[in-house]
Amino acid sequence: MATGVLRLRSGISLLRRAVSVSPAEASIGNRSFSRNYSSSSPPANEKKIKVPLQMFGVSGNYASALYLSAVKANVLDRVETELLTLIEAAKHSPVFSQFMKDLSVTAETRSKAMEDICSTAKFSDITKNFFVIVAENGRLGHINQIAQRFSELTMAHRGEVKVTVTSVIPLPPAEEKELKETLGHILGEGKQAKIEQKIDPSILGGLVLEFDRKVFDMSIKTRAQQMERFLRQPLGLDGL
């Protein structure tokens with residue numbers, strides 16, 4: 001364990017020297033629909049809200065619309081929890097999961113079922129209306145992708161950046177805290193790392209980090225491979 005921790009610290013030190021990230025800003029793209037899920041009309045002088053990330057495709061459009069409605073109603077955290085709750089319920093119920101994918105069920109039956117489910121679960125009006133619209137449009141089969149895009153938006157809203165950290169052992173609390181602090185300096189003001197750990201003994205030690213579509217490989221395995229390639233190169237002795 002002590003050796004593993006030392007190797008992790010080596011990876012963190014390398015990270016400080018090797019990584020540089022420039023924060024990026026994005027704005028909303030065109031949405032395929034503009035129905036307001038809120039139960040009340042927004043005031044004329046309401047501040048315009050934009051999504052923090054540009055989304056595309058069916059799942060991106062629905063996720064963006066849900067995000068805007070939830071932020072306007074100040075229920076973003078609640079809506080996120082309710083959305084994930086229903087996703088988990090579908091994972092544990094084959095019947096419910098099949099129902100969401102079955103397009104042979106009429107739109108009226110789908111929407112009424114989702115309205116009843118959301119009402120029984122005491123979901124917010126934003127979430128309930130959203131699922132009714134998704135059901136009416138025959139998009140329940142896309143709900144996992146929509147939830148994933150929505151999570152990306154909520155993370156961006158909070159300034160969170162998902163960082164996948166691969167190591168040979170789970171990060172001890174002290175090392176995870178140090179890594180988060182280091183990543184915080186790299187990501188910039190207003191950003192914080194949300195770490196997702198992966199265990200892979202094959203990297204031998206050190207760390208592999210993935211975020212912002214970048215991969216920073218500071219593993220002992222990769223460094224050993226680089227050293228091996230270097231040692232195999234012929235020595236330049238011609239000038240001696």
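Helices (H or I, at least four residues) and strands (E, at least two) are DSSP runs, numbered from the N terminus. The structure is a predicted model, in which local features need pLDDT of at least 70 and side-chain atom pairs count only at pLDDT 80 or more, while totals for chains, interfaces and linings use all residues. Residues are numbered from 1 along each chain as its sequence is written, and side-chain values use heavy atoms, with hydrogens and water left out.

**Exercise 1. Describe the protein as a whole.**

Step 1. The protein has nine helices and four strands. Along the sequence these elements are arranged as α-α-α-α-α-α-α-β-α-β-β-β-α.

Step 2. Burial comes next. A residue is buried under 20% relative accessible area, exposed over 50%, and partly exposed in between (1.4 Å probe, protein chains only). By this criterion, 40% of the 240 residues of the protein count as buried.

Step 3. The protein exposes about 14400 Å², and carbon and sulfur atoms supply 51% of this area. Such areas come from the Shrake-Rupley method with a 1.4 Å probe; for residues, only the protein chains shown count as cover.

Step 4. Contact means heavy atoms within 4.5 Å. Among contacts between residues at least 6 apart in sequence, 73% join residues at least 24 apart.

**Exercise 2. Determine how helix H2 is placed against H7 and H3.**

Step 1. Axes are lines fitted to C-alpha atoms, for helices over the stretch in contact, and angles run from 0 to 180 degrees between N-to-C directions. Helix H2 covers residues 57–72 and helix H7 residues 143–157; their axes come within 8 Å and cross at roughly 45°.

Step 2. Angles under 35 degrees count as roughly parallel, over 145 as roughly antiparallel, 65 to 115 as roughly perpendicular, and the rest as oblique. H2 and H7 are therefore oblique to each other.

Step 3. The crossing of H2 and H7 is right-handed. A crossing is given this name if the near helix is turned clockwise from the far one by less than a right angle, and is left-handed if anticlockwise.

Step 4. On the H2 side, the contact with H7 involves Ser 59, Gly 60, Tyr 62, Ala 63, Ser 64, Leu 66, Tyr 67 and Val 71. H7 contributes Gln 145, Ile 146, Arg 149, Phe 150, Leu 153 and His 157. Sorted by class, this contact holds eight nonpolar, five polar and one charged residues. Here Ala, Val, Leu, Ile, Met, Phe, Trp, Tyr, Cys and Pro count as nonpolar, Asp, Glu, Lys and Arg as charged, and the others, Gly among them, as polar.

Step 5. The axes of H2 and H3 also come within 8 Å, crossing at roughly 135°. That angle makes H2 oblique to H3. In this contact, Leu 66, Tyr 67, Ala 70 and Val 71 of H2 meet Leu 76, Val 79 and Leu 83 of H3. The contact of H2 with H3 has seven nonpolar residues, no polar and no charged ones.

Step 6. The loop between H2 and helix H3 (76–91) holds Asn 74. Phi of Asn 74 is near 60°, a positive value in a residue other than glycine. Asn 74 counts as exposed, at 70% relative accessibility.

**Exercise 3. Analyse the pair H5 and H6 and the loop between them.**

Step 1. Helix H5 (residues 107–120) and helix H6 (residues 125–136) pack at an angle of about 160°, and their axes are 8 Å apart. This makes H5 roughly antiparallel to H6, and the crossing is right-handed.

Step 2. From H5, the contact includes Ala 107, Arg 110, Ser 111, Met 114, Glu 115, Cys 118 and Ser 119; from H6, Lys 128, Phe 131, Val 132, Ala 135 and Glu 136. By class these are six nonpolar, two polar and four charged residues.

Step 3. The loop between H5 and H6 contains Lys 122 and Ser 124. Lys 122 is exposed at 65% relative accessibility, whereas Ser 124 is buried, with a relative accessible area of 6%. Phi of Lys 122 is near 60°, a positive value in a residue other than glycine.

Step 4. Neighbours within four places in sequence aside, Ser 124 is in contact with Arg 78, Val 79 and Glu 82.

**Exercise 4. Locate Leu 103 and identify its contacts.**

Step 1. Leu 103 lies in the loop between helix H4 (94–101) and H5. Leu 103 counts as exposed, at 61% relative accessibility.

Step 2. Leaving aside neighbours within four places in sequence, Leu 103 is in contact with Arg 110 and Gly 138.

Step 3. Leu 103 and Arg 139 are 36 residues apart in sequence, and their C-alpha atoms are 9.0 Å apart in space.
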